[in-house]
Amino acid sequence: MTRKLLKRDERVASILAAAARAFAVGGFAATSMDDIAAEAGVTKLIVYRHFDTKQALYERVLDDTRDRLAQALRFRERDTDPDMIAQLLAAARADPAAFALLFRHSAREPQFARYAGGFRDRVLQIAVQALPATVPPELRPWIAMLSFSVVVDGILLWLDSGTPAADAAVAAHLRRVAAAASAIEQHR
């Protein structure tokens with residue numbers, strides 16, 4: 001069997017995808033470069049040709065994931081969009097391991113928590129602005145954080161057990177749940 005030689009960019013992309021899958025299983029500490037090489041179907045030497053350290057590889061996966069999510073949500077093009085939840089779910093579905101890595105593992109690993117935190121902070125800025133004017137200023141950050149947590153945890157749970165065919169329905173449900181959090185003031 002002959003192996004296909006990949007161009008540098010293709011090889012790096014292949015290693016990054018494999019690293020996301022391997023890291024998503026056990027996080028940074030429990031994943032070795034051997035695990036990543038095995039997942040990528042290459043030798044450890046090939047991985048080291050492209051990434052000097054495991055930490056550099058992990059950070060690159062997190063950077064690329066955060067960039068893809070920001071691009072999917074078009075952070076630079078607009079402030080709010082009612083379809084952000086569907087867009088976030090679609091981006092997560094495209095690379096579920098990377099999404100889980102960012103929000104399950106790196107968020108709980110002190111040296112990498114800034115990756116998930118930075119993304120969360122940008123989403124919260126947008127979410128606070130999108131809240132109805134009836135929400136008092138002192139509740140706005142809390143409601144935005146609650147909505148973000150519900151959406152991200154909901155997406156993570158859905159990626160673990162759901163099928164892509166129902167993604168639109170799940171995004172609509174998550175949108176209703178997030179909207180219900182902003183309606184909390186009406187029940188006071």
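Contact here means heavy atoms within 4.5 Å, and helices (H or I, at least four residues) and strands (E, at least two) are DSSP runs, numbered from the N terminus. With those two terms in hand, let us walk through the structure together.

This is a predicted model, in which local features need pLDDT of at least 70 and side-chain atom pairs count only at pLDDT 80 or more, while totals for chains, interfaces and linings use all residues. Residues are numbered from 1 along each chain as its sequence is written, and side-chain values use heavy atoms, with hydrogens and water left out.

Start with the overall plan. The protein chain has nine helices and zero strands, so that, in DSSP terms, the order from the N terminus on reads α-α-α-α-α-α-α-α-α. Of its 188 residues, 46% count as buried; buried means under 20% relative accessible area, exposed over 50%, and partly exposed in between (1.4 Å probe, protein chains only). The accessible surface comes to about 10400 Å², and 56% of that belongs to carbon and sulfur atoms. Such areas come from the Shrake-Rupley method with a 1.4 Å probe, and for residues only the protein chains shown count as cover. Among contacts between residues at least 6 apart in sequence, 67% join residues at least 24 apart.

Now turn to helix α6, residues 96-105. This helix is mostly covered, with eight of its ten residues buried. The buried ones are A97, A98, F99, A100, L101, L102, F103 and H105. What lies over them? The cover includes α1 (8-26), α4 (54-73), α5 (84-94), α7 (113-130) and α8 (140-161).

Two residues of α6 also bring us to an internal space, since A98 and F99 are among the residues that line the largest cavity. A cavity is defined on a 1 Å grid over the protein atoms alone, as a set of points where a 1.4 Å probe fits but cannot get out, and lining residues have an atom within 4 Å of a point. Grid points are joined across faces, edges and corners, and a volume is the space filled by probe spheres set on the points. By this rule there is one cavity of 30 Å³ or more, and about 50 Å³ of space lies in the largest cavity. Its lining is made of T65, R68, L69, A91, A92, D95, A98 and F99. Helices α4, α5 and α6 are the elements that give two or more residues to this lining, and α4 supplies the largest share, three residues. By character, the lining residues divide into five nonpolar, one polar and two charged. In this count Ala, Val, Leu, Ile, Met, Phe, Trp, Tyr, Cys and Pro are nonpolar, Asp, Glu, Lys and Arg are charged, and the others, Gly among them, are polar.

R68 and D95 from that lining have something else to show. Side chains of opposite charge can pair when their charged atoms come close. The side chains of R68 and D95 meet in a salt bridge at 3.0 Å, N to O. R68 lies in helix α4 and D95 in the loop between α5 and α6, so the pair ties together parts that are 27 residues apart in sequence. R68 is partly exposed, with a relative accessible area of 38%. A salt bridge is a side-chain nitrogen of Lys or Arg within 4 Å of a carboxyl oxygen of Asp or Glu, and the structure holds ten of them.

Another salt bridge joins the side chains of R175 and D83, at 3.6 Å, N to O. Because R175 lies in helix α9 (residues 167-182) and D83 in the loop between α4 and α5, this pair ties together parts that are 92 residues apart in sequence. R175 is partly exposed at 29% relative accessible area, and D83 counts as partly exposed at 34%.

Helix α9 takes part again through D167, whose side chain meets that of R93 in a salt bridge of 2.9 Å, N to O. R93 sits in helix α5, and the two residues are 74 residues apart, linking distant parts of the chain. Is D167 buried or exposed? At 11% relative accessibility, D167 counts as buried. Leaving aside its neighbours within four places in sequence, D167 is in contact with L89, R93 and W158.

Our last stop is R120, in helix α7. With 28% relative accessibility, R120 counts as partly exposed. Beyond its neighbours within four places in sequence, R120 is in contact with M145 and F148. R120 and M145 are 25 residues apart in sequence, and their C-alpha atoms are 8.5 Å apart in space.

Terms used: 1 Å grid on protein atoms, 1.4 Å probe; cavity = no way out; pocket = protein on both sides within 12 Å on 5 of 7 lines; lining within 4 Å.
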